[in-house]
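Work through the exercises below with the sequence and the model at hand. Each task is followed by a stepwise solution.

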Amino acid sequence: MEKNRTLDVLSALAHDIRLDVFRLLVQAGPAGMAAGDIATRLDIRPNTLSNNLTILTAAALVRSVREGRSIRYFARMDTMGGLLGFLLQDCCGGRPDLCQPVLDQIACTCGPKTRTDAAP
């Protein structure tokens, strides 16, 4: 992940509602959550949630799938892995090989791989 992309992702997460939404979707795992369920669970108005999901989607932190009249959202763990990799790439005194076990340990393999070009 490049520096500007990292800033976009961090900026998207730098809001209490968006951080709560992302963490809830991480907790939901590969099943994801319908937008209405997210709004109910976090006690957020639907239009407020929609605006925040748009920002998270633009930062590639979430992806969505339409299910009839509902939209189901999923955390994009590949983006989070890229962010963590960027933040830790110079750790251990400039010896990233020493940090690789840490990155391998925190990498989430609980869900299906998501494509970078997944539709919002």
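**Exercise 1.** How many nonpolar, polar and charged residues does the lining of the second largest pocket have?

Solution. The structure is a predicted model.
- Step 1: list the lining, which consists of Ala 35, Gly 36, Ala 39, Pro 46, Leu 49, Ser 50, Leu 53, Thr 54, Arg 69, Ser 70, Ile 71 and Tyr 73.
- Step 2: sort by class, with Gly counted as polar. The result is seven nonpolar, four polar and one charged residues.
- Step 3: assign the elements. At least two lining residues come from each of α3 (35-42), α4 (46-58) and β3 (70-75), and α4 gives the largest share, five residues.
- Step 4: add the volume, about 190 Å³ for this second largest pocket.

**Exercise 2.** Find the salt bridges and classify the partners by exposure.

Solution.
- Step 1: apply the cut-off of 4 Å between side-chain nitrogen and carboxyl oxygen. Two salt bridges result.
- Step 2: take Glu 67 with Arg 72, whose N to O distance is 3.1 Å. Glu 67 has a relative accessible area of 39% and is partly exposed; Arg 72, at 21%, is partly exposed.
- Step 3: take Arg 76 with Asp 78, joined at 3.1 Å, N to O. Arg 76 is buried because its relative accessibility is 4%, under the 20% limit. Asp 78, at 33%, is partly exposed.

**Exercise 3.** Which residue lies over the face of Phe 74?

Solution.
- Step 1: check for ring pairs; the count of aromatic pairs is zero.
- Step 2: check for charges over the ring. Arg 63 lies over the face of Phe 74, 4.2 Å from the ring centre, within the 6 Å cut-off.

Methods
Residues are numbered from 1 along each chain as its sequence is written. This is a predicted model: local features need pLDDT of at least 70, side-chain atom pairs count only at pLDDT 80 or more; totals for chains, interfaces and linings use all residues. Side-chain values use heavy atoms; hydrogens and water are left out. Rings of Phe, Tyr and Trp (its six-membered ring) pair if their centres lie within 6.5 Å; planes under 30 degrees apart count as stacked, over 60 as edge-to-face and the rest as tilted. A charge sits over a ring if NZ of Lys or CZ of Arg is within 6 Å of the ring centre and within 35 degrees of the ring normal. Buried means under 20% relative accessible area, exposed over 50%, partly exposed in between (1.4 Å probe, protein chains only). On a 1 Å grid over the protein atoms alone, a cavity is a set of points where a 1.4 Å probe fits but cannot get out, and a pocket is an open set with protein on both sides within 12 Å along at least five of seven lines; lining residues have an atom within 4 Å of a point. Grid points are joined across faces, edges and corners, and a volume is the space filled by probe spheres set on the points. Helices (H or I, at least four residues) and strands (E, at least two) are DSSP runs, numbered from the N terminus.
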